[in-house]
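Work through the exercises below with the model open beside you. Try each task before reading its solution.

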Amino acid sequence: MAPILSGKRIMLGISGGIAAYKSVTLASRLTQANAMVDVIMTHSAAKFVAPVTFQAITQRSVATDTFEFWHDAGRLRIGHVALAHAADLFVIAPATAHTIARLALGLSDDLLSITALSYKGPMLLAPAMETNMWTHPATMRNVEILQDWGVDFVGPAEGRLASGEVGEGRVAEPEEIFEEACKVIGRGGPLDGLRVVITAGGTREPIDPVRFVGNHSTGKMGAALARAARDLGAETVLVHAPLAVHPPGGITLVPVHTAQQMHTAVMEELSKTDVLIGAAAVADYRPTDSSDYKLKKSPQQQVISLERTPDILHEVGSQREKSGPGPKLVIGFAAETNDLEANAVAKLKGKNLDLVVLNDVSAPDSGFAVDTNRVTLFERGGNREAWPLMSKDEVAQAIMQRVVVRLGRLDWKRSMGNSQDNLPTD
Ligand code: C5P
């Protein structure tokens, strides 16, 4: 699901807050994504959750003590500092006020701070503390210092705190930290420096304040594309109508409802967009008059008159003919039920696109609500490729790989990352 993490080495630091229990889920998510997760816990973290829990989840040793030795290929060594040198990402979740302060001061008085101080790669902190501790000028200053050094933060969120009070300081949810970790690790990837804008979801055209004309789109394909673009290092924007799935983290979300709103949002983005992918199911028609009040039923037949909505991709395609900054690549989707190829080719030409992704939405494995898709690519220049049945995530990753190729970034060398080949494996 997140190939960006596959084979990556992640140091997961856990400091002493009740939110430490949520890091069990995070460790599990990272491990399931095939990352190699090495956990370091502070002594107070180990009072909240037993190290053996993380050991079982990650199937790797967990360290809490500076003078603890580490088994590495039959040798005993103080291995955590070496592991940190090898890590692709250092996550500290939860990061307490005290841990944040120690990092900002460069202290190294326990294993977590020693390891963090000796680490040079990307670092992601998920703060968790009482609201007053978070908003205290000392914490704010420490956060700023770390941000200036390039440390990333996720959260804290607002919500119920351990004290029972409600406020800012609640640790970000494990899924959000996971998503942010993918983004940070993907930074510097082949789409680095490029802005990818994706439309997703099915637009809703109001009939009255409680009813709309809509379609079956869930936004799964668009969300998967946004995740894949983010993981390749792109600055990613998802202009989305209501979604039936959680949008990915670490991207810019632009929520809209109607085709007109989606059109306005895309046009505002256009001059700064390098790649535009239209995966949204945009309504072609909207009610000519939408009532301000809920329509009441009556014995008479109701007729709703419809008018055309703007065709976003068509307009983008025709603007490309004119000079000026605009997307280097424009990709559309053709969700069809009949005359599949003819419709796809007509869209490629009629909307002046670089690539059309055709799928048969009447097929049970390629429709709206399912997790799989069977697509055929139609490229400008005549190339056609029928891809086998894949998950929507895999289709999205393959489409983004095609974007990488078309933009001539196949041999892109990652500018970040810390991986070395001769690493201890346990
Ligand atoms: O014209 P049709 O809806 O068949 O084309 C589908 C493609 O065009 C999709 O990529 C869709 O996101 C895009 N589209 C659009 N604006 C519309 C209708 C479709 O951008 N009004």
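## Exercise 1: The ligand site

Task: list the residues around the ligand, then find polar contacts to its oxygen atoms.

Step 1. The residues around the ligand are Gly278, Ala280, Val282, Asp284, Pro310, Asp311, Ile312, Leu313, Gly332, Phe333, Lys347 and Lys351. A residue is near the ligand if one of its heavy atoms lies within 4 Å of it.

Step 2. Note the ground rules. This is a predicted model, in which local features need pLDDT of at least 70 and side-chain atom pairs count only at pLDDT 80 or more, while totals for chains, interfaces and linings use all residues. Residues are numbered from 1 along each chain as its sequence is written, and side-chain values use heavy atoms, with hydrogens and water left out.

Step 3. Start with the backbone. An N or O atom of the alanine 280 backbone is 2.7 Å from a ligand oxygen atom. A polar contact is a pair of N or O atoms within 3.5 Å.

Step 4. Go on to the side chains. Lysine 347 places a side-chain N or O atom 2.5 Å from an oxygen atom of the ligand. For lysine 351, a polar side-chain atom lies 2.7 Å from a ligand oxygen atom.

## Exercise 2: Helix α5 against helix α8

Task: describe how α5 and α8 pack.

Step 1. Helix α5 spans residues 97-105 and helix α8 spans residues 137-148. Helices here are DSSP runs (H or I, at least four residues), and strands are runs of E (at least two), numbered from the N terminus.

Step 2. The two pack at about 50 degrees, with axes 9 Å apart. Axes are lines fitted to C-alpha atoms, for helices over the stretch in contact, and angles run from 0 to 180 degrees between N-to-C directions.

Step 3. Therefore α5 is oblique to α8. Angles under 35 degrees count as roughly parallel, over 145 as roughly antiparallel, 65 to 115 as roughly perpendicular and the rest as oblique.

Step 4. Identify the partners. Ala97, Ile100, Ala101, Leu103 and Ala104 of α5 meet Thr139, Asn142, Val143, Ile145 and Leu146 of α8. Contact means heavy atoms within 4.5 Å.

## Exercise 3: Backbone outliers

Task: which peptide bond leading to proline 94 is cis, and where does asparagine 34 lie?

Step 1. The bond from alanine 93 to proline 94 is cis, with omega near -5 degrees. Proline 94 lies in strand β6 (residues 89-95).

Step 2. Asparagine 34 has a positive phi of about 70 degrees, although it is not a glycine. Asparagine 34 sits in the loop between α1 (22-32) and β2 (36-41).

Technical notes. Polar contact = N/O pair within 3.5 Å; in protein donor to acceptor, adjacent residues only side chain to side chain.
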